[in-house]
Amino acid sequence: MSEMGAETQMKKALFFDLYGTLIDIKTDEHDPLIYSVLSQYLSYHAVKIVPDELENAYFEAIKWHFQQSKEEHPEVDVYEIFHSIMRKFGDTRISKATVIYTALLFRSLARKHFGLFPSLIETLTRLKEHYRMAIISDAQWVFAKPEMGMLSLERFFRMKILSSHFEFKKPDVRLFQIAMEKLRVKPEESLYIGDNLRKDLVGAKRAGMKFIFFGSDYKGFNNYQPDGFFNDYSELERVISEVF
């Protein structure tokens, strides 16, 4: 690649979804063990709530937030959910650190599978030499930052736009617009990579980005079509070069 070609390429940006695209994860928030362990843990912080009551409080708080929201695609902040539960059933002076530790314990108990997709790190290492890269994800900040750190992903991305910092989630076009503004790139200089057609494809296309789908079921959604697809990270660089 010529020096001019490399400089032009570095003006372009790759935006990635996080869970299901970079991080291979499965969770089960309905596992009774979660609430049994969490109830015992909370008792050490003067929060008195039995497991069934805790599970009900968690899901009811999320449901209430969605019902109260005026957003088309509402989002919650799990940190705030746990904070409200702990204040209701315990000491109103609960520290931020205690709420975070509680949320992380919840997450660790809910996680059933967690890791990276094959060839991901090698591919990101090469892509970082040629593109600016960032995250746009429906994700909880209280989980995402430590989980990215555990998997050594943070070093690849200049910034992270996480839906839990806002009151809306994908496919709301504002998340994509905020990301492009912060990275100072135009829609035609931006490509989004994700695994969800309803959220990722629609949001990216509405924002004017190109879109590459991670998966084998290559099809459109709501009259939008992916610009490319791949199902193994060893293929991604080739696909990017073909569409971007």
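Over the face of which residue does Lys12 lie? In this predicted model, Lys12 is placed over the face of Phe244, at 4.7 Å from the ring centre. A second contact of this kind is made by Arg107, which sits over the face of Tyr19 at 5.1 Å from the ring centre. Both Tyr19 and Arg107 also belong to the lining of the largest pocket, to which the report now turns.

## Pockets

The largest pocket encloses about 680 Å³ of space. Its lining is made up of 25 residues, and those that lie nearest the centre are Tyr19, Arg107, Asp138, Ala139 and Lys199. Two or more residues of this lining come from each of strand S2 (23–27), helix H3 (51–68) and helix H9 (197–206). Of the contributing elements, H3 gives the most, with 4 residues. Sorted by class, the lining of the largest pocket holds 10 nonpolar, 4 polar and 11 charged residues.

The second largest pocket has a volume of about 190 Å³. Among the residues that line this pocket are Ala61, Trp64 and His65, together with Asp77, Glu80, Ile81 and Phe166. H3 and helix H4 (78–89) are the elements that give two or more residues to the lining of the second largest pocket. Its lining divides into 5 nonpolar, 3 polar and 4 charged residues.

The two pockets are set side by side below.

| Pocket | Volume | Lining by class |
|---|---|---|
| Largest pocket | about 680 Å³ | 10 nonpolar, 4 polar and 11 charged residues |
| Second largest pocket | about 190 Å³ | 5 nonpolar, 3 polar and 4 charged residues |

One residue of the second lining, Asp77, merits a separate description. Asp77 is found in the loop between H3 and H4. Its relative accessible area is 17%, and Asp77 therefore counts as buried, the limit being under 20%. In sequence, Asp77 and Ile62 are 15 residues apart, while their C-alpha atoms are 8.9 Å apart in space.

## Nonpolar cores

The largest nonpolar core comprises 62 residues, and the most contacts inside this core belong to Phe16, Leu18, Leu22 and Leu153. H4 supplies the largest share of the core, namely 7 residues. Helix H4 thus appears in two descriptions, since it also gives two or more residues to the lining of the second largest pocket. A second core, separate from the other, has 21 residues, including Ala13, Met159, Phe168 and Met209.

## Aromatic pairs

The model contains 16 aromatic pairs. In one of them, the rings of Tyr58 and Phe59 have centres 5.0 Å apart and planes at 75°; the pair is edge-to-face because the angle is over 60 degrees. The two partners differ in accessibility: Tyr58 is buried, with a relative accessible area of 2%, whereas Phe59, at 24%, counts as partly exposed.

Tyr58 also pairs with Phe106. Here the ring centres are 4.8 Å apart and the planes stand at 45°, so the pair is tilted. Tyr58 lies in helix H3 and Phe106 in helix H5 (residues 96–110), so the pair ties together parts that are 48 residues apart in sequence. Both Tyr58 and Phe106 are buried.

These pairs form part of a wider arrangement. Ring pairs join Tyr35, Tyr58, Phe59, Phe82 and Phe106 into a cluster.

## Backbone features

Which residues are joined by a cis peptide bond? The bond lies between Lys170 and Pro171, and its omega is about 10°. Pro171 belongs to the loop between strand S5 (160–162) and helix H8 (173–183).

Two residues that are not glycine have a positive phi. For Ser152 the angle is about 60°. Ser152 is located in the loop between helix H7 (141–150) and S5. With a relative accessible area of 37%, Ser152 is partly exposed, because this value falls between the limits of 20% and 50%. For Asn222 the positive phi is about 50°. Asn222 lies in the loop between strand S7 (210–214) and strand S8 (228–230).

How values were computed
Residues numbered from 1 in each chain as written. Predicted model: local features only at pLDDT ≥ 70, side-chain atom pairs only at ≥ 80, totals over all residues. Heavy atoms only, no water. 1 Å grid on protein atoms, 1.4 Å probe; cavity = no way out; pocket = protein on both sides within 12 Å on 5 of 7 lines; lining within 4 Å. Points joined across faces, edges and corners; volume = space filled by probe spheres on them. Nonpolar A, V, L, I, M, F, W, Y, C, P; charged D, E, K, R; others polar. Core = buried A, V, L, I, M, F, W, Y, C linked by side-chain atoms within 4.5 Å. Buried < 20%, exposed > 50% of the residue type's maximum accessible area, 1.4 Å probe, protein only. Phe/Tyr/Trp six-rings, centres within 6.5 Å; stacked < 30°, edge-to-face > 60°. Lys NZ or Arg CZ within 6 Å of the ring centre and 35° of its normal.
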